[in-house]
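Thanks for making the time, everyone. I would like to walk through one model, beginning with its overall make-up and then turning to a few individual side chains.

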Amino acid sequence: MEGKNLITKNLTRNKRTIEEINNKIERSDIQVLPVSEFKKIVESKGLEVAFNEIDIVTTGTFGAMCSSGALINVGHSDPPIKIQNAWINDVPITHPGAAVDLFIGATLSSETKGFEYGGGHVIEDLVKGKNVNFRATSYGTDCYPRTEIETTLTKDDLNQFILLNFRNGYQKYSCAVNGRDEIIYTYMGKLLPKYRNASYSGAGEISPLNNDPSYEVIGLGTKIFLGGGQGYVLGEGTQHSPSTGYGTLMVKGNAKNMSPEFIRGASFTGYGPSIYIGLGIPVPLLNIEIAKKAAVRDEEIFTEVIDYGVPRLGRPVLRQVSYRELKSGKLMLNGREIKVSSMSSLQKAELICHELASWIKKGNFTLTLPIERLSNQGQPKPMRQIKGAAAFVDSILHEAVTCQENETIEIVAKRLITKNVNHIIVTDSDQKITGIVTSWDITKAIANGVRTLKEIIVRRVYTASPNEPLEVVAKRLAQHNISALPVIDETQKVLGIITSEDIAKLVGGNLNG
């Protein structure tokens with residue numbers, strides 16, 4: 001027993017330094033593995049053996065990263081122009097600074113192609129070396145007399161082409177579902193009504209921040225794989241939320257050296273353009289505690305299932321779910337199994353891990369430790385709103401007039417008159433909605449000699465929930481050319497009704513009725 005303890009003691013090193021690791025890279029003596037392979041060694045041989053065998057693990061993710069863009073300098077024209085407005089391939093380009101510094105936002109849409117083409121596609125085209133059409137206008141000054149210019153550019157014509165992303169590499173991301181009775185289109189893809197599908201994002205156990213959740217080796221100055229080239233972490237990303245486990249990164253890199261394999265423009269139906277970016281980060285196993293955190297598995301990483309059908313900042317959380325369950329392609333929700341799709345490419349994420357490991361093995365990539373660690377406390381604040389606060393359904397909700405299917409048309413007609421309403425909601429004995437009838441339905445039924453209420457009930461009913469913004473429900477009324485929406489809770493129980501007239505009185509405007 002004493003001999004066995006001695007062997008274990010000799011096997012285990014307390015720590016490594018970054019200098020020792022970089023020296024091993026220079027000597028081609030480094031032991032580096034994609035993090036998924038490291039986790040297998042931990043399972044088969046144990047953590048201590050895995051730590052002593054492997055110096056570095058590589059992590060990766062590839063997904064839509066909307067808060068991304070590229071800083072470019074187009075150089076001065078002759079005569080010079082102080083750019084006020086600019087477009088590349090008809091996509092508006094932001095002018096954040098001096099005369100010819102511009103920023104290509106990934107989510108900006110083309111003025112001619114709409115959602116089909118945007119800033120993310122412009123960046124991809126430039127990375128590919130394509131010619132892009134550039135035009136700019138200005139008001140003209142004594143030192144910048146030119147007022148307009150139009151030309152073509154490639155990345156080689158740019159003085160700087162820097163990918164500068166404000167929020168990338170989410171530690172994890174919510175799983176999206178839709179509880180409405182209609183399809184919605186989001187940055188999480190197409191979500192079917194009544195919780196009939198789900199989508200999620202992130203690479204789970206191989207994603208960078210999940211393997212360094214305390215932000216010990218990932219921070220300001222960490223060298224990374226970015227878009228197929230090398231880049232750096234600039235610090236915490238916007239909306240960094242370490243207290244809830246949703247950390248983010250701000251990153252930059254020279255886009256002239258990037259690859260279109262890992263930079264792809266994208267467009268989401270009904271939402272607009274975005275960009276898919278490949279991000280990889282090496283995690284040096286400086287001590288066994290870091291190694292232990294890098295051994296995390298998908299079944300240990302949980303996120304929230306969120307109802308995106310509720311268009312509010314605080315969307316309902318329906319349950320917690322592990323990345324293992326998400327990656328299975330199936331999710332249990334409300335006692336029913338639904339299909340789950342990934343918005344990220346797990347195959348590309350794994351490829352990034354292998355690519356980065358290959359760079360390190362070949363001596364083409366050395367490691368840096370952060371000169372400043374990311375914050376490990378706090379969460380983002382909502383916008384301060386002092387004017388134009390949104391109004392919601394519950395602010396104008398009023399009592400609904402109801403009936404049941406076994407009532408006669410004559411009784412329902414009298415109720416319409418005595419209650420002075422145009423809509424009656426049909427419910428069951430538990431006050432759950434089963435349909436709706438209008439004064440027009442009743443008028444036609446009497447004129448045509450229809451005998452029973454069941455024959456005229458409209459079964460396909462568009463509804464609202466009490467916490468929806470009025471702007472959203474007004475759009476729904478106009479979209480379906482209707483004049484009222486029953487308001488129901490998550491169990492389909494009727495809470496009341498709102499009409500186009502109610503909304504018009506509050507916010508003004510004409511709605512279909």
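Before I speak about charge, let me fix the convention: Lys and Arg are counted as positive and Asp and Glu as negative, with His and the chain ends left out, and each charge is placed at NZ of Lys, CZ of Arg, CG of Asp or CD of Glu. On that basis the protein chain carries 58 positive and 55 negative charges, whose mean positions are 2 Å apart.

Please keep in mind that this is a predicted model, in which local features need pLDDT of at least 70 and side-chain atom pairs count only at pLDDT 80 or more, whereas totals for chains, interfaces and linings use all residues. Residues are numbered from 1 along each chain as its sequence is written, and side-chain values use heavy atoms, without hydrogens or water.

The protein chain has 12 helices and 31 strands, taken as DSSP runs numbered from the N terminus (H or I of at least four residues for helices, E of at least two for strands). Of its 513 residues, 49% count as buried, where buried means under 20% relative accessible area, exposed over 50%, and partly exposed in between, with a 1.4 Å probe and protein chains only.

Now to the salt bridges, meaning a side-chain nitrogen of Lys or Arg within 4 Å of a carboxyl oxygen of Asp or Glu; the structure holds 20 of them. One joins Arg-297 and Glu-43, at 2.6 Å from N to O. Because Arg-297 lies in the loop between helix H6 and strand S22 while Glu-43 sits in helix H3, this pair ties together parts that are 254 residues apart in sequence. Arg-297 is buried at 17% relative accessible area, whereas Glu-43 is exposed at 57%.

Another salt bridge pairs Arg-476 with Glu-182, also listed at 2.6 Å, N to O. Here the link runs from helix H11 to the loop between S12 and strand S13, 294 residues apart. Arg-476 is buried at 3%, and Glu-182 is buried at 9%. Through shared partners, salt bridges join Arg-180, Glu-182, Glu-468 and Arg-476 into one network.

Finally, how many disulfides does the structure hold? The count is zero, a disulfide being a pair of cysteine sulfur atoms within 2.5 Å. Cys-175, for example, is buried at 0% relative accessibility, and its sulfur forms no such bond because the closest cysteine sulfur, in Cys-66, is 17 Å away, which is too far.
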